[in-house]
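User: I would like to go through this structure by question and answer. Please keep the answers short and end each one on the value or name asked for.

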Amino acid sequence: MIQLNKILKSFSKTIDLLEQLTATNNIEVSRNTEQIDRLQEKNLILIAEAQAAKETAENLKALIGQ
């Protein structure tokens, strides 16, 4: 019975470590997802700004005959 208890205790420690790893990884995934969302939003703003700049440059070229 002592041998069985040692084996079970070892499995319990392994389970605890695996559960801790799962929780840690889930937190990191959430942080990464939030960062991705922020970067995607920033990209959309940059794309819109670039498009507006391009259109403005084209309009200015048309005005001065280039």
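User: Is arginine 31 buried, partly exposed or exposed?

Analyst: This is a predicted model. Exposed means over 50% relative accessible area. Arginine 31 has 51% relative accessibility, so arginine 31 counts as exposed.

User: Which residue forms a salt bridge with arginine 31?

Analyst: A search of the whole structure finds one salt bridge. In that pair, the closest N and O atoms are 3.8 Å apart, and a salt bridge needs such atoms within 4 Å. The partner of arginine 31 is glutamate 28.

User: How are arginine 31 and glutamate 28 separated along helix α1?

Analyst: Glutamate 28 has 39% relative accessibility and therefore counts as partly exposed. The two residues are three apart in helix α1, which means a separation of about one helical turn.

User: How many helices and strands are there in the protein chain?

Analyst: Helix α1 covers residues 2-64. The count for the protein chain is one helix and zero strands.

User: What is the radius of gyration of the protein chain, set against a compact globule of 66 residues?

Analyst: Along the principal axes, the C-alpha atoms fill a box of roughly 95 × 15 × 5 Å. A compact globule of 66 residues would have a radius of gyration near 11 Å. For the protein chain the value is 28 Å.

User: How far apart in space are isoleucine 45 and lysine 13?

Analyst: Isoleucine 45 is found in helix α1 and counts as exposed because its relative accessibility is 53%. In sequence, isoleucine 45 and lysine 13 are 32 residues apart. From C-alpha to C-alpha, the distance in space is 48 Å.

User: What percentage of the residues in the protein chain is buried?

Analyst: The protein chain exposes about 6,300 Å², and carbon and sulfur atoms supply 61% of that area. Buried means under 20% relative accessible area. Of the 66 residues, the buried share is 0%.

User: Which residues form a nonpolar patch on the surface?

Analyst: Leucine 8 lies in helix α1 and counts as partly exposed because its relative accessibility is 44%. A residue in a patch needs over 30% relative accessible area. The patch has about 340 Å² of accessible area in total, and its members are Met1, Leu4 and Leu8.

User: How far apart are the centres of the positive and negative side chains?

Analyst: The protein chain has 8 positive and 9 negative side chains. The centres of these two sets are separated by 12 Å.

Conventions. Residues numbered from 1 in each chain as written. Predicted model: local features only at pLDDT ≥ 70, side-chain atom pairs only at ≥ 80, totals over all residues. Heavy atoms only, no water. Patch = residues over 30% accessible without salt bridge, like charges linked within 9 Å, V, L, I, M, F, W, Y side chains within 5 Å. Areas by Shrake-Rupley, 256 points an atom, 1.4 Å probe, with all protein chains shown as cover. Salt bridge = Lys/Arg side-chain N within 4 Å of Asp/Glu carboxyl O. Helix = DSSP H or I, 4+ residues; strand = E, 2+ residues; numbered from the N terminus. Buried < 20%, exposed > 50% of the residue type's maximum accessible area, 1.4 Å probe, protein only. Rg over C-alpha atoms; globule rule 2.2 N^0.38 Å. Lys, Arg positive; Asp, Glu negative; His and termini not counted. Charge placed at Lys NZ, Arg CZ, Asp CG, Glu CD.
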